[in-house]
Amino acid sequence: QRKLDYLLSLEGYKYQSHGTHVAGTIAASRNGAGSHGVAFASHLHAAAFGSNTFQNVQALLEQEDGIYFTQQPSSQLVKSMYDELAPRGAKVVNNSWGFGSEPETAEAMDKLALRLPVTIRNYAASAKQNDLIQVWAAGNNEGKIAGFFATIPPFDKDAEPYWLSVGNLGKQGGLGESSSNL
């Protein structure tokens, strides 16, 4: 019963706190209290845009009839965000998000890219026009291919100097078990 109660407490709409965790990993002060961020002397600009999540218990249990839904920002909203960050002095944008369900094969990724040429163009153009380095989480797909946004450069070669796909490390120094391949 305790496990069921816990799962039921997770069900429904949620604002995710992952961005707060990532912001601390990047820019937490070097003040002698706990750990510090990898860029502890940096200035952090935060932007939030409707990537809320809904999931039911069946989705939490990874059952076929589970419902999992995330709302992604439009590429116009992302362009507006980039256009606002650049004049404020931002040089790097960390993006630790993606689609609720990512392609798991190169063929599926290619098909998705063919359906989203405007999205690819808008993300790449915004980065290039504003001279912003894009850091993308490869994803948490247990060794499968990296997520869509982390793999935009093959679909827009001019974006490559502005793109960095990152994963997490395991205890032995290799790619972590939950991380997608880079």
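Asn95 lies in strand β4, which spans residues 92-95, and in this predicted model it is a buried residue, with a relative accessible area of 2%. Once its neighbours within four places in sequence are left aside, Asn95 is in contact with Tyr82, Gln134, Val135, Trp136 and Ala137. Tyr82 is among the buried residues of helix α4, and those buried residues pack against β4, α6 and β5. The points below begin with the chain as a whole and then take up α4, α6 and α5.

**The chain as a whole**

- The chain contains six helices and six strands, and, read along the sequence, these elements follow the pattern α-β-α-β-α-β-α-β-α-α-β-β.
- Of the 182 residues in the chain, 30% are buried, while the accessible surface comes to about 11,800 Å², with 53% of that surface belonging to carbon and sulfur atoms.
- When contacts between residues at least 6 apart in sequence are considered, 66% of them join residues at least 24 apart.

**Helix α4 and its buried side**

- Helix α4 covers residues 75-85, and its buried residues are Ser75, Val78, Met81, Tyr82 and Leu85.
- These buried residues lie on the same side of α4, because they cover an arc of only 115° around the axis.
- The spacing can be read against a general property of the α-helix: with 3.6 residues a turn, residues three or four places apart point the same way.
- Against the buried residues of α4 pack two strands and a helix, namely β4, β5 and α6; Asn95 is itself part of β4, and Tyr82 is one of the residues that Asn95 contacts.

**How α4 meets α6**

- Two packed helices are described by the angle between their axes and the distance between the axes.
- For α4 and α6, the axes come within 9 Å and cross at roughly 0°, which means that α4 is roughly parallel to α6, an angle under 35 degrees being counted in that way.
- On the α4 side the residues that take part are Ser75, Val78, Lys79 and Tyr82, and they meet Thr119, Asn122, Tyr123, Ser126 and Ala127 in α6.
- By class, this contact of α4 with α6 has four nonpolar, four polar and one charged residues.
- Val118 is also found in helix α6, and at 42% relative accessibility it counts as partly exposed.
- The C-alpha atoms of Val118 and Ser75 are 8.3 Å apart in space, although the two residues are 43 apart in sequence.

**Helix α5 and its two sides**

- Helix α5 runs over residues 106-115, and its buried residues are Met109, Leu112 and Ala113.
- Met109, Leu112 and Ala113 are placed on the same side of α5, because the arc they cover around the axis is only 100°.
- On the other side of α5, the exposed residues are Glu107, Lys111, Leu114 and Arg115.
- The cover over the buried residues of α5 includes α6, residues 117-129, and α6 is also among the elements that pack against the buried residues of α4.

**The loop after α6**

- Asp131 lies in the loop between α6 and β5, the latter being the strand at 133-137.
- The phi angle of Asp131 is positive, at about 55°, although this residue is not a glycine.

Key: Residues numbered from 1 in each chain as written. Predicted model: local features only at pLDDT ≥ 70, side-chain atom pairs only at ≥ 80, totals over all residues. Heavy atoms only, no water. Buried < 20%, exposed > 50% of the residue type's maximum accessible area, 1.4 Å probe, protein only. Helix = DSSP H or I, 4+ residues; strand = E, 2+ residues; numbered from the N terminus. Arc of directions from axis to C-beta. Contact = heavy atoms within 4.5 Å. Areas by Shrake-Rupley, 256 points an atom, 1.4 Å probe, with all protein chains shown as cover. Axes fitted to C-alpha atoms, helices over the stretch in contact; angles between N-to-C directions. Parallel < 35°, antiparallel > 145°, perpendicular 65-115°, else oblique. Nonpolar A, V, L, I, M, F, W, Y, C, P; charged D, E, K, R; others polar.
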